[in-house]
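Grab a pencil and work through the exercises below with the model open beside you. Each one comes with a worked solution.

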Amino acid sequence: MRRALMIVGFMLGLYLVARAIAEPFVIDVTDPATYRDDWGGPSLLGVLTVHCLPGLLAAGLMAGYLVRQRSSK
């Protein structure tokens with residue numbers, strides 16, 4: 001059961017990381033009309049925070065887990 005939860009967690013984490021990487025390329029950062037109605041809008045900082053911060057946190061948590069796993073062996 002724990003292994004299944006880890007796999008699902010890593011899949012969700014990878015999705016969040018991919019979304020964080022893609023977000024600046026999906027919106028036109030020079031045109032506020034493209035991100036005004038997104039979560040975190042109408043400011044660019046808010047949109048990038050809402051869409052990218054979960055990916056950064058997920059990457060950090062996954063990296064920390066992998067480092068702990070590798071150092072315990």
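**Exercise 1.** What share of the contacts in the protein chain with a separation of 6 or more comes from residues 24 or more positions apart?

*Solution.* Keep in mind that this is a predicted model. Start with the contacts in the protein chain at a separation of 6 or more; residues 24 or more positions apart account for 48% of them.

**Exercise 2.** Work out how the overall form of the protein chain relates to a compact globule.

*Solution.* First, take stock of the secondary structure: two helices and zero strands. Next, check the radius of gyration: it is 16 Å, well over the 11 Å that the globule rule gives for 73 residues, so the protein chain is more spread out than a compact globule. Then look at the C-alpha trace, which spans about 50 × 25 × 15 Å along its principal axes. Finally, turn to burial: 19% of the 73 residues count as buried.

**Exercise 3.** Describe the surface and the charges of the protein chain.

*Solution.* Begin with the exposed area, about 5600 Å², with carbon and sulfur atoms supplying 70% of it. Now the charges: there are 7 positive and 5 negative side chains, and the centres of these two sets sit 28 Å apart.

**Exercise 4.** Is histidine 51 buried or exposed?

*Solution.* Locate histidine 51 first: it's in helix H2, which covers residues 44-71. Its relative accessibility is 12%, and the cut-off for buried is under 20%, so histidine 51 counts as buried. To see what is around it, skip neighbours within four places in sequence: histidine 51 is in contact with Arg19, Ala20, Glu23, Asp38 and Trp39.

Key: Residues numbered from 1 in each chain as written. Predicted model: local features only at pLDDT ≥ 70, side-chain atom pairs only at ≥ 80, totals over all residues. Heavy atoms only, no water. Helix = DSSP H or I, 4+ residues; strand = E, 2+ residues; numbered from the N terminus. Rg over C-alpha atoms; globule rule 2.2 N^0.38 Å. Buried < 20%, exposed > 50% of the residue type's maximum accessible area, 1.4 Å probe, protein only. Contact = heavy atoms within 4.5 Å. Areas by Shrake-Rupley, 256 points an atom, 1.4 Å probe, with all protein chains shown as cover. Lys, Arg positive; Asp, Glu negative; His and termini not counted. Charge placed at Lys NZ, Arg CZ, Asp CG, Glu CD.
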